[in-house]
Amino acid sequence: MPAVAMEQIVSLSKRRGFFFPGSEIYGGLQGTYDYGPLGVELKNNIINDWWRTNVYERDDMEGLDAAILMNRLVWKYSGHEETFNDPLVDCRSCKSRWRADHIDGVCPNCGSRDLTEPRPFNMMFSTQVGPVADSGALAYLRPETAQGIFVNFANVLATTSRKLPFGIAQVGKAFRNEINPRNFLFRVREFEQMEIEYFVMPGSDEAWHQQWLEARLAWWAGIGVPRERITIYDVPGDELAHYSKRTYDLMYDYPNIGVQEIEGIANRTDYDLGSHSKDQASLNLTARVKLNEDSTARLQYYDPESRRHVVPYVIEPSAGVGRCALAVLCEAYAEELTKAPPPEKLQSVADGLTAFLKSVSRSDKLRPEHRDAILARGEAIAGALTERLPELEPLLALPGADAIELSKKLRGQAQPVLDEHYRTVLRLRPRLAPVKVAVFPLKRNHEQIVATARQIRRHLQGELGLRTVYDDTGAIGKLYRRQDEIGTPFCITVDFDTLGEGKDAAFAGTVTVRDRDSMAQDRVPIAELEAYLREKLR
RNA sequence: GCGGGCGUAGCUCAGCUGGUAGAGCGUCUGCCUUCCAAGCAGAUGGUCGCGCGUUCGAAUCGCGUCGCCCGCUCCA
């Protein structure tokens, strides 16, 4: 059961240190999030997996890391200065928004003349290069990393002797002054992109578009977002970006915000290489490009077979790291039963839920759609209360639920049962887990147990390079729960048997390795830990 | 950016019609031969988002601002 509400992920993130709202102590800065101790590990793991899959495991890819600041002309010829920059007005009567240059002081929707002043709206963040802020110093923070690849096309070609088809991969920050950043990590103003520009012979672009679609779906499945959880949106012509001939959007069904894009796979044709080239008239471009009088290069490729110069077509799979991390977390999230609660406790929650739902159905304070949503979810939970008890909290967070007095009582009844009989677990793929192994002493004030545990921890993180934590600040059950919550796949416990002081002397020199998902335990000799973990963490 | 709702300890919330804040959980420390959050004892933690105003006095009223949520918009 993946997350049923975004609040579950938001709350876990804050509580355990995945993501924090940016600049929080000064009241925040809309559209920014900071990656905490666990978030940065998850993010790095995602990026590394993407890089390994797309660069190391293929033989047709190169990497690149271009500057965020680029010559302003890049954005002139890429089309961003034009398409990311509009004067907008809002209609105060019907709340619609229009491009000021498209209407004549009258709202086309309702005919009202009550419009706001035109405001220039630029999706690109501007800045100055150099200390003098005159117009010649204007620069932008890149709104996509792709342009860094296009302007380096000739450099990469010259230095690697690549033949078509080949691709260039890049991971880096991009910045967009979104109208309305919202939905946690989903729409932010500063985000990290994982982008590939894959250059192919014109005419082979459609086949390669399909191949990349399949390759990308396979990657998502590999990080725990299976094919059946993704829908493919074949973007209709009138919604395509200015550079695209065809785009597949991969869509994930996030809790609360619904089906949303997690990756775009665009056929950018010869638009970008053509746009950034000089002598465009001689290049047989198929894309309509702005006349370029500034570029010093022809971004083309000499095809030895046809003995002709061609401008390659480009297939662009482009995904955001934050959105990816969010989808991975939602998919991995589970709250599940660990030991059956006593029937009488469950019954009192069931009664509380029944009373709450009855109160909801009678209430005249609720908007009908809110009432119906609460009732539908509530009845589904009531139908399988033992398994779905963890969904009570999200139910009570639905709009309108807090207007019902009984919601507080119900929460109070459910909370202790949840605390004691359920666990939160992130079923992350081990290679994405922020922490790979946790090491515990069974008894924290026993000198030798502690020393052994610390030593194992040091070894795993130092020599094996596995992110490992040591924790002795609670009873063993609590320590396991803490690690479950952040997705640590393995917990190692050092006990009296390890020291040869237990009941069975044969256990000397061994530790308990406990599996996150099954909660099963293995007794493993310390000397074999490395092989054991390497096998399981693959 | 527009409209609606909201903003009290790390989390979930209480604090009614104004008199300078509480609970549960969490976190931390000590004790316990303690393997799945259940013992005992103690501790930390909030200038009630921020600012201005009304008032003898504001978490509680008004205005502004920042942030969050829902809708319009957006599209990695």
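The following paragraphs describe two sheets, a helix pair and a salt bridge in a predicted model. Local features were considered only at pLDDT of at least 70 and side-chain atom pairs only at pLDDT 80 or more, whereas totals for chains, interfaces and linings use all residues. Residues are numbered from 1 along each chain as its sequence is written, and side-chain values use heavy atoms, with hydrogens and water left out.

Helices (DSSP runs of H or I, at least four residues) and strands (DSSP runs of E, at least two residues) are numbered from the N terminus, and two strands are taken to pair if DSSP finds at least two bridges between them. On this basis, seven strands make up an open sheet of mixed pairing, in the order S3-S10-S11-S17-S14-S13-S12. Strand S3 (61-64) and strand S12 (230-234) occupy the edges, each with a single partner strand, so one side of each is left without a neighbour in the sheet. Neighbouring strands of this sheet are turned by 25° against each other on average, direction ignored. Within the sheet, S11 (residues 190-200) and S17 (residues 313-320) run antiparallel and are joined by six bridges, and Glu195 stands opposite Ser318 in S17. Helix H6 (residues 153-160) lies across S3, strand S10 (166-175) and S11, and runs at about 140° to S10; such angles run from 0 to 180 degrees between the N-to-C directions of axes fitted to C-alpha atoms, for helices over the stretch in contact.

An open sheet of three strands, in the order S4-S9-S8, has antiparallel pairing. Its edges are strand S4 (69-70) and strand S8 (126-128), each with a single partner strand, so one side of each is left without a neighbour in the sheet. S8 pairs with strand S9 (residues 138-141) over three bridges, and Thr127 has Ala139 in S9 as its bridge partner.

The axes of helix H10 (residues 343-362) and helix H14 (residues 406-421) come within 9 Å and cross at roughly 150°. The two helices H10 and H14 are therefore roughly antiparallel to each other, a term applied to angles over 145 degrees. Among the residues in contact (heavy atoms within 4.5 Å) are Val349, Leu353 and Phe356 in H10 and Leu410, Ala414 and Val417 in H14.

The structure holds 33 salt bridges, each being a side-chain nitrogen of Lys or Arg within 4 Å of a carboxyl oxygen of Asp or Glu. One of them joins the side chains of Glu24 and Lys14 (3.3 Å, N to O). Glu24 lies in the loop between strand S1 (19-21) and strand S2 (33-35) and Lys14 in helix H1 (residues 6-16), so the pair ties together parts that are ten residues apart in sequence.

How values were computed. Chains are lettered from A and ligands numbered from 1 in the order in which they are written. Angles under 35 degrees count as roughly parallel, over 145 as roughly antiparallel, 65 to 115 as roughly perpendicular and the rest as oblique.
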